[in-house]
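Please find below my notes on the model you sent, arranged as numbered points. They are best read with the structure open beside them.

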Amino acid sequence: MIDATPLSPAADAAVTTAADAAVTTTFAELGLPAPVVTALAAKGITVPSPIQSMAIGDALAGRNVLGRAQTGSGKTLAFGLPMLTRLAELGDTPAAKRPRALVLVPTRELAFQVVDSLQTYAAPLRLSVRPAVGGTPFGRQADQLRRGVDVLVATPGRLGDHLRQGTCLLDDVCITALDEADQMADMGFLPEVREILGLTAANGQRMLFSATLDREVQSLVRRFLPDHVQHSTGDSKAAVESMEHYILNVGRGQKDIVLSEIAARQGGRTIMFARTKLGCEGITDRLRAVGIHAESLHGGKAQNQRTRVLDRFKNGRTPVLVATDVAARGIHVDGIDLVVHVDPPADHKDYMHRAGRTARAGAAGTVVAIALPNQRRIIGRLTGQAGVKVTEVNVAPGSAELGAITGAQKPSGEPVREAPRRERPAGAPRRGGNEGGGYRGRSSEGSGYRGRSSEGGGYRGQGGPRREGAPRRDAAPRRDTGTHGGGFRSRASHASTD
Ligand code: AMP
């Protein structure tokens with residue numbers, strides 16, 4: 001089926017949508033080798049998601065692929081498995097400093113998750129996958145690169161540092177994947193991305209995945225994927241069909257109590273969004289004071305702290321994470337079943353980015369926006385622009401509606417002691433969550449994936465400058481940039497500032 005409104009800038013590009021993927025295939029039928037299929041099955045991943053059904057065959061054939069798919073759609077494996085398979089088939093070993101394939105991602109956290117995810121399938125193929133991101137020792141990455149890396153998963157800033165220092169060279173890169181290209185554009189990374197892509201072999205394979213195809217992303221596509229096939233899981237609305245959205249109207253003076261009751265709910269992961277670092281810290285402190293093991297995640301924290309906070313959230317030790325929009329861009333954790341907009345998002349794109357932390361991989365999720373009387377109009381407008389169906393409910397501390405929607409209950413009131421935390425011992429039970437990769441799909445969908453393709457509206461951002469008005473308080477640390485002393489071809493003598 002050809003999309004009625006092709007989004008691809010290349011007029012001759014073939015376009016398929018999720019509807020085309022309705023016929024269930026297996027990973028083996030898509031052409032993946034037995035060791036990969038076995039490793040997938042060991043993870044409980046047996047049914048390809050729509051984007052995987054659509055893209056894997058073309059990617060294995062070495063074609064350039066433009067994938068329009070959101071986080072949670074299974075896109076990492078859609079580009080990652082063919083990348084690994086092709087590298088294994090080529091049979092080379094990497095030369096010192098010269099990775100054979102490159103995955104560019106916008107954030108450090110996403111880089112680590114892509115590495116984690118791909119290592120499972122790289123190991124049986126005897127391939128190496130390594131990260132190159134800021135906030136972690138440059139020298140260790142340089143050592144790894146010198147020893148030879150098959151797949152380098154990098155943020156543009158740190159990779160730029162390696163290129164300038166001469167610790168990484170891209171002339172052997174034969175496959176490049178750009179993940180979350182729209183976020184890279186939003187974060188102002190495209191100049192670096194263009195330079196980096198320009199250093200990879202012009203006749204190499206390129207894959208670009210993005211939730212939206214804004215003007216800036218299209219310019220990348222025109223330049224670097226002139227000849228490509230396009231696959232689309234439909235609009236971002238598809239991702240939100242399994243979400244329920246509520247505006248919770250609260251009275252003045254009741255917000256903190258309502259938040260603490262929501263945070264005290266049992267068994268699931270909750271993420272709360274605040275606009276600023278200070279806001280995050282304040283909410284976290286107030287929650288901890290009444291007995292809730294909340295932690296905050298924002299750009300003011302060092303990378304190793306952020307990683308530990310995120311690990312504790314993933315393994316269930318911390319049930320409530322309080323994050324800024326920026327920090328949360330890197331959060332790709334399954335099993336978040338409640339998203340709380342504590343402060344209203346800056347715009348409808350942020351509403352959707354926040355909401356997108358839940359209902360991943362077809363699971364269900366609830367998104368609630370806390371609205372003080374003076375915030376109701378703006379939140380109503382944002383949800384309208386986001387194109388979501390929202391239910392507005394008046395709630396109060398202890399109210400039945402609050403309990404029914406969020407599972408709220410009274411917190412213990414016993415302050416959380418600020419003792420140094422130890423990690424969860426290996427083998428200790430996890431709380432809640434959906435650790436295994438199972439798409440909780442409706443069987444009627446055929447593919448085992450719950451999202452449906454849908455056309456029209458939703459969250460197509462405009463690209464361009466990130467924000468009019470209120471600047472982001474934590475804007476600086478979000479960009480994983482390093483030093484920028486000129487082009488990547490020249491070797492600089494200075495050390496990385498990261
Ligand atoms: P992604 O969109 O790449 O961030 O993937 C979202 C989540 O879905 C990850 O936890 C994957 O392990 C999981 N996943 C990817 N593909 C499948 C699949 N075909 N079946 C079940 N889970 C999957």
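The points below go from the overall make-up to the sheet, its strands and helices, and a few single residues.

1. This is a predicted model, and the remarks that follow should be read with that in mind. The protein has 18 helices and 15 strands, and of its 498 residues 59% count as buried. Among contacts between residues at least 6 apart in sequence, 78% join residues at least 24 apart.

2. The sheet that I would look at before the other elements is an open one of seven strands, with parallel pairing and the order β11-β12-β10-β13-β14-β9-β15. Its edge strands are β11 and β15 (390–394), each of which pairs on one side only. Neighbouring strands of this sheet are turned against each other by 25 degrees on average, direction ignored.

3. How many residues of strand β14 are buried? Seven of the seven residues of β14, which spans residues 365–371, are buried, so this strand is largely enclosed by the rest of the structure. The side chains can be followed in two sets, since Gly365, Val367, Ala369 and Ala371 point one way from β14 while Thr366, Val368 and Ile370 point the other way, and all are buried.

4. The pairing of β14 can be followed to two other strands. Strand β9 (residues 243–249) runs parallel to β14 and is joined to it by seven bridges, with Met243 standing opposite Gly365 in β14. β13 also pairs with β14 in the parallel sense, in this case over four bridges, and here His341 stands opposite Ala369.

5. Strand β13 (residues 336–341) is also joined to strand β10 (residues 269–273), by five bridges and again in parallel. Within this pairing, the bridge partner of Thr270 is Leu338 in β13. Helix α13 packs on the sheet, where it touches β10, β11, β12 and β13, and its direction makes about 140 degrees with that of β11.

6. Is the edge strand β11 buried or exposed on its two faces? Both faces of β11 (residues 294–297) are covered, with Ala294 and Ser296 buried on one side and Glu295 and Leu297 buried on the other. β11 is nonetheless an edge strand that pairs on one side only. Its parallel pairing with strand β12 (residues 320–323) is made through four bridges, and Leu297 stands opposite Ala323 in β12.

7. The connection in this part of the sheet is also worth tracing on screen. β11, helix α13 (residues 303–314) and β12 make a right-handed β-α-β unit. A further helix, α12 (residues 277–289), lies across β10, β11 and β12 and runs at about 170 degrees to β11.

8. Turning to helix packing, the axes of α15 (residues 348–355) and α16 (residues 376–386) come within 8 Å and cross at roughly 75 degrees; these two helices are therefore roughly perpendicular to each other. In their contact, His348, Tyr351 and Met352 of α15 meet Leu382, Thr383, Gln385 and Ala386 of α16. The residues of this contact divide into four nonpolar, three polar and no charged.

9. Two residues deserve a check of their backbone angles, as each has a positive phi without being a glycine. For Arg126, phi is near 60 degrees, and the residue lies in the loop between α4 (108–122) and β4 (129–132). For Glu180, phi is about 55 degrees, and its place is in the loop between β6 (175–178) and α7 (181–186).

10. Which of these two residues counts as buried, and which as exposed? Arg126 counts as exposed, at 77% relative accessibility, because the cut-off for that class is over 50%. Glu180, by contrast, counts as buried at 5% relative accessibility.

11. A last point concerns Gln218, which lies in helix α9 (residues 215–224). Gln218 is buried, with a relative accessible area of 18%, and that value falls under the 20% limit for a buried residue. The C-alpha atoms of Gln218 and Ala181 are separated by 9.9 Å, and the two residues are 37 apart along the chain.

Methods: Residues numbered from 1 in each chain as written. Predicted model: local features only at pLDDT ≥ 70, side-chain atom pairs only at ≥ 80, totals over all residues. Heavy atoms only, no water. Axes fitted to C-alpha atoms, helices over the stretch in contact; angles between N-to-C directions. Parallel < 35°, antiparallel > 145°, perpendicular 65-115°, else oblique. Contact = heavy atoms within 4.5 Å. Nonpolar A, V, L, I, M, F, W, Y, C, P; charged D, E, K, R; others polar. Buried < 20%, exposed > 50% of the residue type's maximum accessible area, 1.4 Å probe, protein only. Pairing = 2+ DSSP bridges. Right-handed = clockwise from strand over helix to strand, strands pointing away.
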